[in-house]
Amino acid sequence: MMSNVTPEVKQALDGCGLPYSLEMGKRHIHIKLMGRLVGVLPRGKTNGAIYNHANKNVVSQIKRAAARLKEDPTWVGRV
C-alpha cells in the first residue's frame, strides 16, 4: 500500500516517529497516526496539479498532527 503514496508522504510518516496506518477507502487513502485520522489522499491519478496540492496539504497535516500528538498523546483532533 505504501506504493500508493508519494515519497514525500512516506518520508513525513517515517520521520514523525509515531505509529501510523494507511487504509484504503473507496476513493481515498486514509492516513492515521496513533489511530487518529490526520489526512486523506485521492487514490486515482498521481499526477497533475490537484494531486500535488493534496500531497503538500497531507504532508503538512501529518507534521502538524505528529507535533500535537507528541505534546499531548490524548489529543483527538479539532474540538
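Threonine 6 is buried in this predicted model. Its relative accessible area is 14%, and the cut-off for burial is under 20%. The residue sits in the segment before helix 1. Leaving aside neighbours within four places in sequence, threonine 6 is in contact with Tyr51 and Asn55. With asparagine 55 the link is polar: the two side chains are joined by a polar contact of 2.7 Å.

Helix 1 spans residues 7-16. Its buried residues include Val9, Ala12, Leu13 and Cys16. These residues lie on the same side of helix 1, because they cover an arc of only 95° around the axis. The face turned away from this buried side carries the exposed residues Pro7, Gln11 and Gly15. Glycine 17 follows helix 1 and has a positive phi, near 75°.

The strands form an open sheet. Three strands make up this sheet, in the order 1-2-3, and their pairing is antiparallel. Strand 1 (20-24) and strand 3 (36-42) are the edge strands, and each of them pairs on one side only. On average, neighbouring strands of the sheet are turned by 25° against each other, direction ignored. Helix 1 packs on the sheet and touches strand 1, strand 2 and strand 3. The direction of helix 1 makes about 15° with that of strand 2.

Strands of a sheet pair through backbone hydrogen bonds, either parallel or antiparallel. Here, strand 1 and strand 2 (residues 28-33) pair in the antiparallel sense over five bridges. The two strands form a hairpin, with three residues between them. Several bridge partners can be named. Methionine 24 is partnered by isoleucine 29 of strand 2. Leucine 22 has isoleucine 31 of strand 2 as its bridge partner. For serine 21, the partner in strand 2 is lysine 32.

Strand 2 also pairs with strand 3. The two run antiparallel and are joined by six bridges. Among the residues involved, histidine 28 has proline 42 of strand 3 as its bridge partner. The faces of strand 2 are of two kinds. Ile29, Ile31 and Leu33 make up the covered face. His28, His30 and Lys32 make up the uncovered one.

The largest nonpolar core has 21 residues. Within this core, the residues with the most contacts are Val9, Leu13, Ile31, Leu33, Leu41 and Ile62. Helix 1, strand 2, strand 3 and helix 2 (49-71) each supply at least two of the core residues. Helix 2 gives the largest share, eight residues. Isoleucine 62 shows how these parts meet through their contacts. Not counting residues up to four places away in sequence, isoleucine 62 touches Val9, Ala12, Leu13, Ile31, Leu33 and Val38. Of these partners, Val9, Ala12 and Leu13 belong to the buried residues of helix 1. Ile31 and Leu33 are on the covered face of strand 2.

The turn after strand 2 has an unusual backbone feature. Methionine 34 lies in the loop between strand 2 and strand 3. The hairpin of these strands has two residues between them. Methionine 34 has a positive phi of about 50°, although it is not a glycine. Most residues other than glycine have a negative phi. With a relative accessibility of 30%, methionine 34 counts as partly exposed.

Methionine 34 also meets the segment after helix 2, where proline 73 lies. Leaving aside neighbours within four places in sequence, proline 73 is in contact with Met34 and Arg36. Proline 73 and methionine 34 are 39 residues apart along the chain, and their C-alpha atoms are separated by 8.7 Å. Proline 73 counts as partly exposed, at 46% relative accessibility.

Conventions
Residues are numbered from 1 along each chain as its sequence is written. This is a predicted model: local features need pLDDT of at least 70, side-chain atom pairs count only at pLDDT 80 or more; totals for chains, interfaces and linings use all residues. Side-chain values use heavy atoms; hydrogens and water are left out. Two strands pair if DSSP finds at least two bridges between them. Helices (H or I, at least four residues) and strands (E, at least two) are DSSP runs, numbered from the N terminus. Axes are lines fitted to C-alpha atoms, for helices over the stretch in contact, and angles run from 0 to 180 degrees between N-to-C directions. Contact means heavy atoms within 4.5 Å. A nonpolar core is a set of buried Ala, Val, Leu, Ile, Met, Phe, Trp, Tyr and Cys residues joined through side-chain atoms within 4.5 Å. Buried means under 20% relative accessible area, exposed over 50%, partly exposed in between (1.4 Å probe, protein chains only). A polar contact is a pair of N or O atoms within 3.5 Å; within protein, one must be able to donate a hydrogen and the other to accept it, and residues adjacent in sequence count only if both atoms are side-chain atoms. The arc is that of the directions from the helix axis to the C-beta atoms.
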